[in-house]
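This briefing goes through one protein model, topic by topic. Keep the sequence and the 3D view open while reading.

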Amino acid sequence: MQPTVAAPESVTWRVHLDRSMWVAGVRALMLQALHPVAMQGVWQLSDFRSDPTGRLMRTAHFVAVTTYGSLTEARTLGEHIRRVHRSLGFTDPATGRAHRVDQHDLLVWVHCAEVTSYLETTRRAGLELGAADLDRYLDEQSRTAAYVGLAPDDVPRNVADMRRYLAKVRPNLRVTPEARRAVRFLLWPKVPERLSWLAPLKPLWFPVGALSYATLPAWARRAYGTLPELPGADAAATAGLRALRSGLNRVPERYYNLVFDEATVRSAEEARQRLLAAGYEMENGFRALRSRTRFRAPASVVTDAPESVPGFSPSPADEGCRPSPAG
């Protein structure tokens, strides 16, 4: 059986294990909030207002497990998510209509807002991805969507289809008071108790939040109107992303991983062991000093994954793989 859900040579690994994913994850939440019905679901049912970073950490754990977790681990997490979603519903105060959290159109929107944010952000931050890589990533993620209850063909599987979907859904997007408040939370979130020791460093979060906002589409920034629009904003955002990514890539793993949930870090450690057992070789020096763990794939990687396994999509070998929580 394959050691990880997504093949270590996949585009999914290159994107999800890039350290600019911190910005990508927050951008995805800001983009998702533009869907009025989806935003109501978050506003009414989640602990977003009391612990806005909690949802980000849960998303990070889902991304981690469905990238380098074991198949059993990912299936168990997916079953839990689907079970919770099936039990939750809410009413849109604007229309009086009742909605389910696992409503098909809402699941599709959340998926598309996430994967487009991940691609857009990591590319602008400096991750080299060609046109074929973009299509391959969306195809890989169409299978990961099965973990939340979607079929691969329910979501766009290439860039052209994704553009058509976003153009179709855009007339339904708008900034509600809840969405605007959510963005403000994300720009200056509450520090959770388990990370209280990081409270003095809270000002360091603002560049992450500001870059997340700055990398939104221009029309979305204009709609929010939360931060001022300055000349050359897009170029400045790209330069800022690259600088942040460069800085994060210099942080040793042992310190970088402190911000993640224990379960997420444990999943990464278990992935390392499975990869080593499968014949991958660990590279780049002393563990305490290296910024990221890299693995060299065996000369011939053979998997016995059936086509029905969500998230599996082999692709040409990359420079290496880095199973730490976010790069």
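What should the 22 residues of helix 6 span at 1.5 Å a residue, and how far apart are its end C-alpha atoms? The expected span of helix 6 (residues 104-125) is 32 Å, because that span is 1.5 Å times one less than the number of residues. The end C-alpha atoms of helix 6 are 32 Å apart, which agrees. The model is predicted, and the points below cover helix 6, the nonpolar cores, helix 9 and two pairs of residues.

**Helix 6**
- Of the 22 residues in helix 6, 17 are buried, so the helix is mostly covered, buried meaning under 20% relative accessible area.
- Gly126 comes just after helix 6 and has a positive phi of about 120°.

**Nonpolar cores**
- The largest nonpolar core has 73 residues, and those touching the most other members are Val15, Met30, Trp109, Tyr118, Tyr137 and Tyr224.
- Helix 6 gives the most to this core, with 10 residues.
- A second, separate core has 9 residues, among them Ala6, Trp13, Leu17 and Ala64.
- Tyr137, named above for the largest core, is in contact with Val11, Thr12, Val15, His16, Val115, Tyr118 and Leu119, leaving aside its neighbours within four places in sequence.

**Helix 9 and what covers it**
- In helix 9 (residues 177-187), the buried residues are Glu178, Ala179, Ala182, Val183, Leu186 and Leu187.
- The cover over these buried residues includes helix 2 (21-32), helix 3 (36-45), helix 10 (205-214) and helix 11 (218-224).
- Two packed helices are described by the angle between their axes and the distance between the axes.
- For helix 9 and helix 10, the axes come within 8 Å and cross at roughly 140°.
- Helix 9 makes this contact through Val183, Leu186 and Leu187, and helix 10 through Trp205, Phe206, Gly209, Ala210 and Tyr213.
- Sorted by class, the contact of helix 9 with helix 10 has 7 nonpolar residues, 1 polar residue and no charged residues.

**Two pairs of residues**
- Ala6 lies in the segment before helix 1 (11-16).
- The relative accessible area of Ala6 is 1%, so Ala6 counts as buried, the cut-off being under 20%.
- Ala6 and Thr67 are 61 residues apart in sequence, with their C-alpha atoms 5.1 Å apart in space.
- Glu270 belongs to helix 14 (residues 262-277).
- Glu270 has a relative accessible area of 37%, which lies between the cut-offs of 20% and 50%, so Glu270 is partly exposed.
- Glu270 and Gly69 are 201 residues apart along the chain, and their C-alpha atoms are separated by 8.0 Å.

Conventions. Residues numbered from 1 in each chain as written. Predicted model: local features only at pLDDT ≥ 70, side-chain atom pairs only at ≥ 80, totals over all residues. Heavy atoms only, no water. Buried < 20%, exposed > 50% of the residue type's maximum accessible area, 1.4 Å probe, protein only. Helix = DSSP H or I, 4+ residues; strand = E, 2+ residues; numbered from the N terminus. Contact = heavy atoms within 4.5 Å. Axes fitted to C-alpha atoms, helices over the stretch in contact; angles between N-to-C directions. Nonpolar A, V, L, I, M, F, W, Y, C, P; charged D, E, K, R; others polar. Core = buried A, V, L, I, M, F, W, Y, C linked by side-chain atoms within 4.5 Å.
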